[in-house]
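This report walks through one protein model, beginning with a single residue and widening out to the whole chain. Please keep the sequence and the structure in view while reading.

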Amino acid sequence: MTYYIRDTLPEGSVLGQRRPTINEFFLSSYTLSIYAGCEFGCPYCDGWAYGSRPLNEVVRVPFDLPQRLDQELATIDRRDLIGVTALSDPYQPAEQQYRITRQVLQLFADVGQPCLILTKSANVLDDLPLLRRINERALAIVMTTLVTMDPRLSALLENKSPLPGVRLEMLAAFKRAGIPVGVAILPILPYINDTDVALNHLLRACAEVGVDFVVWDYLHIPNSRHRMRISELTPRINSYPASYYRDIYAERPFVSTLYRTECDARIITRCDDLGLEMHVPHSIFAGRLRPSNEAALVLKHAARRDILQGRINVARQHSELADLIYRGQATQEQLRASSLWDDLWAILETK
Ligand code: SF4
């Protein structure tokens, strides 16, 4: 049972500070959470690791968010994208009742604010006309999270969320409406959804509905509270020796580099086979974001493939230059020294 609490936001900025580095998965300079808490309560969600109450017990409904955001939107660069991607689904059941997300999208549509929405709920289709307007004026991208296409595993990992097939049909509807769509495979859980069979099944399903791109990352275990939750979850799925996760995480929040490199390589090979992009394609955001954001993303996306192909130094240079450009601190000399200079010049000098 989830309780809804009508609430007002604490004092201070709704959007927070502009991110110090651009988010290469979601293209975002700001991250916005509409509700606090999430009724879907997926057991792997990072949201369980923070907060004093269980993630799905109470959902706070911020009645003053649209009004506060309206004032703040006037103060930010219109070509900085806002990602509605934080640890609370914007179309969880509370949205049917309170429509805070819809009010936010209305503001975005009125001012032409680029945004990216990440949701597991097909109820986002109710706001397709608004998202189409935003995409016509600026840029709107709709993403869903998928961790498996296996109904048994889905029931164990996300039994309160809409079925994976429903989420993919939702993306197909947006795609038909001309709105770019992507899938976030978040998270990849070692030994649970990382087998070749599971990943192939999932990626093939994405390719079949024609998603524009996929992104992925690995289970994050930020603290001991979340580690305990994951330790309880894994035996419910299969019998795993406890050492499996100890070997891969070794008490760190992130998977080991060895595990990440091996799994990334498998996914990229499969994406290449299926013709799936492994980040938002440049053609989707070209000319629709601040030029410095666009150039930073081109570099960050190139760096990802560089890492996988063993060009570690080049990847580091691309990544560092991306952050300098994004913050407006790159010199002409630094730009000219980049192997992607021609692309960067075309973005930064012609707009
Ligand atoms: S739907 Fe998203 S935000 Fe909500 S619990 Fe699941 S993973 Fe977390």
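## Strand 7 and its buried start

In this model, which is predicted rather than determined by experiment, Val181 counts as buried because it has 24 C-beta neighbours inside 10 Å, and 20 or more are needed for that label. Val181 lies in strand 7. Leaving aside its neighbours within four places in sequence, Val181 is in contact with Val142, Met143, Leu171, Phe174, Lys175, Val211 and Asp212. A further pairing can be followed by eye, since the C-alpha atoms of Val181 and Thr119 are 11 Å apart in space, while 62 residues separate the two in sequence.

Strand 7, which covers residues 181–188, also holds Pro187. The peptide bond that leads from Leu186 to Pro187 is cis, with an omega near 0 degrees. This deserves a second look, because most peptide bonds are trans.

## The loop after strand 7

Between strand 7 and helix 7 (196–208) there is a loop, and Tyr191 is found in it. Tyr191 has a positive phi of about 70 degrees, although it is not a glycine. To place such a value in context, most residues other than glycine have a negative phi. With 14 other C-beta atoms within 10 Å, Tyr191 is partly exposed.

Leu189 is found in this loop between strand 7 and helix 7 as well. Is Leu189 buried or exposed? Leu189 counts as buried, because it has 20 C-beta neighbours inside 10 Å, and 20 is enough to meet the cut-off. Not counting residues up to four places away in sequence, Leu189 touches Tyr44, Asp194 and Leu219. Its C-alpha atom is also 9.7 Å from that of Tyr245, although Leu189 and Tyr245 are 56 residues apart in sequence.

## Two further positions to compare

Ala250 sits in the loop between helix 9 (243–249) and helix 10 (257–274). Ala250 is not a glycine, and yet it has a positive phi of about 45 degrees. It counts as exposed, because 10 C-beta neighbours lie inside 10 Å, and a residue with 12 or fewer is given that label.

Pro291 belongs to helix 12, and with 18 C-beta neighbours inside 10 Å it counts as partly exposed. Pro291 and Tyr244 are 47 residues apart along the chain, and their C-alpha atoms are separated by 44 Å.

## Helix 13, one side and the other

Helix 13 covers residues 312–326, and its 15 residues should span 21 Å at 1.5 Å a residue, which agrees with the 21 Å between its end C-alpha atoms. The buried residues in helix 13 are Ala315, His318, Leu321, Ala322, Ile325 and Tyr326. These residues lie on the same side of helix 13, because they cover an arc of only 135 degrees around the axis. The spacing helps to explain the pattern: an α-helix has 3.6 residues a turn, so residues three or four places apart point the same way.

On the other side of helix 13, Ile312 and Asn313 are exposed. The elements that cover the buried residues of helix 13 include helix 12 (291–308) and helix 14 (332–337). After helix 13 comes Gly328, whose phi is positive, near 70 degrees.

## Around the ligand

Which residues surround the ligand? They are Cys38, Phe40, Gly41, Cys42, Cys45, Gly47, Leu87, Ser88, Asp89, Lys120 and Ser161. Sorted by class, this shell consists of 5 nonpolar, 4 polar and 2 charged residues.

## The whole protein

Stepping back, the protein has 15 helices and 8 strands. Its C-alpha atoms fill a box of roughly 55 × 50 × 40 Å, taken along the principal axes. A compact globule of 351 residues would have a radius of gyration near 20 Å, and the protein has 20 Å, which agrees with that expectation.

Buried residues make up 39% of the 351 residues in the protein. Among contacts between residues at least 6 apart in sequence, 79% join residues at least 24 apart.

Notes:
Residues are numbered from 1 along each chain as its sequence is written. This is a predicted model: local features need pLDDT of at least 70, side-chain atom pairs count only at pLDDT 80 or more; totals for chains, interfaces and linings use all residues. Helices (H or I, at least four residues) and strands (E, at least two) are DSSP runs, numbered from the N terminus. The radius of gyration is taken over C-alpha atoms; the globule rule is 2.2 Å times the number of residues to the power 0.38. Two residues are in contact if their C-beta atoms, placed from the backbone, lie within 7 Å. A residue is near a molecule or strand if its C-beta atom, placed from the backbone, lies within 6 Å of it. Ala, Val, Leu, Ile, Met, Phe, Trp, Tyr, Cys and Pro count as nonpolar, Asp, Glu, Lys and Arg as charged, and the others, Gly among them, as polar. The expected span of a helix is 1.5 Å times one less than its number of residues. The arc is that of the directions from the helix axis to the C-beta atoms.
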